[in-house]
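Reader: I would like to go through how some labels on this model were reached. Please set each value beside its cut-off.

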Amino acid sequence: MKSALPALCALVLLSSCEVTTTGYSSYLEPIPGSITYGGQPRTRLTKAPIGSIVPHQFNDQFGRRVYETYVIEPDRSLRLVSRRYRGLFPFDDDD
């Protein structure tokens, strides 16, 4: 019984974890306002080193501030690597 109690507590703690799609993911899709929404940009970033980070921010359709981070790939395309949201009010942050 004593060894079952820690396992039960760990199970309860792990089951209360929340999964979110914001943040870092290899499955992020561009949304309206993203640099890569509708395809890669026509202009190539020829002077920026490969692996450079490109920050981008805009407001989404709900008025939230969106912060995205891109990485320059070897073929000079942009890969979306993270997305964070900030709500309309200070207490409305999704962080």
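Reader: What is the pLDDT over residues 14–23, and how many contacts beyond four places in sequence does the model have for them?

Author: This is a predicted model. Over residues 14–23 the pLDDT stays under 50, and the model has 8 contacts beyond four places in sequence for that stretch. Local features need a pLDDT of at least 70, a score that 64% of the residues reach; the protein averages 78.

Reader: Which elements have the lowest and the highest mean pLDDT?

Author: β1 has the lowest, at 51, and β2 the highest, at 96. They belong to a protein with 1 helix and 4 strands, in the order α-β-β-β-β from the N terminus.

Reader: Gln40 lies in the loop between β1 and β2. Why is Gln40 called partly exposed?

Author: Its relative accessibility is 39%. Buried means under 20% and exposed over 50%, so Gln40, at 39%, counts as partly exposed. Of the 95 residues of the protein, 23% count as buried.

Reader: What does Gln40 touch, leaving out residues up to four places away in sequence?

Author: Gln40 touches Ser77 and Leu78. Ser77 is 37 residues from Gln40 in sequence, with a C-alpha to C-alpha distance of 6.6 Å.

Reader: What makes the approach of Gln40 to Leu78 a polar contact?

Author: The side chain of Gln40 reaches the backbone nitrogen of Leu78 at 2.8 Å. The cut-off for a pair of N or O atoms is 3.5 Å, so a distance of 2.8 Å falls within it.

Note on methods. Residues numbered from 1 in each chain as written. Predicted model: local features only at pLDDT ≥ 70, side-chain atom pairs only at ≥ 80, totals over all residues. Heavy atoms only, no water. Helix = DSSP H or I, 4+ residues; strand = E, 2+ residues; numbered from the N terminus. Buried < 20%, exposed > 50% of the residue type's maximum accessible area, 1.4 Å probe, protein only. Contact = heavy atoms within 4.5 Å. Polar contact = N/O pair within 3.5 Å; in protein donor to acceptor, adjacent residues only side chain to side chain. pLDDT = per-residue confidence, 0-100.
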